[in-house]
Amino acid sequence: MTTAYEPRDEARVAEIIAEHATVEGATLVILHALQEAFGYVPEPAIPMVAAALNLSRAEVHGVFTFYHDFRKEPAGAHVLKLCRAEACQAAGSDALAARAEARLGIACGHTTADRRVTLEPVYCLGLCATAPSAMLDGRLVGRLDPARLDALITEAQR
């Protein structure tokens, strides 16, 4: 399943902000909606969000940078998230992350040159009982081992 994102357009950014500006916790809601639409949060959107919510740019930027899930640039066609929380680390996720980085030729937090795969660390997927775990394009995978990881990478590279 390839994720299709909209092309960034200032009018669409404004529309998304307006759609969510009145909900409780609007800053997070808007940032998530922007990332869902575009695959990342466009930098020019930060002052637009601030103005709409009567916040400083620094406040919005602080929220944006505090949460690891928000991206500064577009993700690849597929996003592979590897859990790096303690339970997964204890079950071998460090070696799996190193394997994924070697197979993809990128470090966690980056996207392959062909824009097919973004490899991201995540700090808990809630699958501690089936650690280590991963998520590919929103699909959770527990009991990750080298063979299952290789299969996920192959799937993402298609």
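How many of the 158 residues of this protein count as buried? The share is 43%. Keep in mind as you look around that this is a predicted model.

Let's start with the overall layout. The protein has seven helices and five strands. If you walk along the chain from the N terminus, you meet these elements in the order α-α-α-α-β-α-α-β-β-β-β-α. Along its principal axes, a box of roughly 50 × 30 × 20 Å holds the C-alpha atoms. Take the contacts between residues at least 6 apart in sequence: 60% of them join residues at least 24 apart.

Now for the outside. The accessible surface comes to about 8300 Å², and carbon and sulfur atoms account for 54% of that area. The protein carries 15 positive and 20 negative charges, and the mean positions of the two groups lie 7 Å apart.

Next, look at a pair of helices. Two packed helices are described by the angle between their axes and the distance between the axes. Here, the axes of α2 (residues 26–38) and α3 (residues 45–53) come within 11 Å and cross at roughly 145 degrees. The crossing of α2 past α3 is right-handed. On the α2 side, the contact is made by Ala26, Thr27, Ile30, Leu31 and Leu34, while α3 contributes Ala45, Ile46, Val49 and Leu53.

From here we can move to the loop between β3 (117–122) and β4 (134–136), where Ser133 is found. Is Ser133 buried or exposed? Ser133 has a relative accessible area of 2%, so this residue counts as buried. Leaving aside neighbours within four places in sequence, Ser133 is in contact with Leu82, Cys83, Cys88, Leu125, Leu127, Val141, Gly142 and Leu144. Leu31, which you met in the helix pair, is 102 residues away from Ser133 along the chain, and their C-alpha atoms are separated by 26 Å.

Two other residues of this loop deserve a visit. Thr130 lies between β3 and β4 as well, and Thr130 counts as buried because its relative accessibility is 15%, under the 20% cut-off. Beyond residues up to four places away in sequence, Thr130 touches Gly142 and Arg143. Pro132 also lies in the loop between β3 and β4, and the peptide bond leading from Ala131 to Pro132 is cis, with omega near -5 degrees. Most residues other than glycine have a negative phi, and most peptide bonds are trans.

That brings us to phi. Arg143, the partner of Thr130, has a positive phi of about 55 degrees although it is not a glycine. Arg143 sits in the loop between β5 (139–141) and α7 (146–157). With 55% relative accessibility, Arg143 counts as exposed, because the cut-off for that word is over 50%.

Arg115 has a positive phi too, of about 65 degrees, and is not a glycine either. You will find Arg115 in the loop between β2 (110–111) and β3, partly exposed at a relative accessible area of 36%.

Our last stop is a residue that touches Arg115. Pro74 is found in the loop between α4 (57–66) and β1 (78–83), and counts as partly exposed at 34% relative accessibility. Which residues does Pro74 touch, not counting those up to four places away in sequence? They are Gly39, Tyr40, Thr111 and Arg115. Thr111 is 37 residues from Pro74 in sequence, yet the two are 8.9 Å apart in space, C-alpha to C-alpha.

Notes:
Residues are numbered from 1 along each chain as its sequence is written. This is a predicted model: local features need pLDDT of at least 70, side-chain atom pairs count only at pLDDT 80 or more; totals for chains, interfaces and linings use all residues. Side-chain values use heavy atoms; hydrogens and water are left out. Helices (H or I, at least four residues) and strands (E, at least two) are DSSP runs, numbered from the N terminus. Buried means under 20% relative accessible area, exposed over 50%, partly exposed in between (1.4 Å probe, protein chains only). Contact means heavy atoms within 4.5 Å. Accessible areas come from the Shrake-Rupley method with a 1.4 Å probe; for residues, only the protein chains shown count as cover. Lys and Arg count as positive and Asp and Glu as negative; His and the chain ends are not counted. The place of a charge is taken as NZ of Lys, CZ of Arg, CG of Asp or CD of Glu. Axes are lines fitted to C-alpha atoms, for helices over the stretch in contact, and angles run from 0 to 180 degrees between N-to-C directions. A crossing is left-handed if the near helix is turned anticlockwise from the far one by less than a right angle, and right-handed if clockwise.
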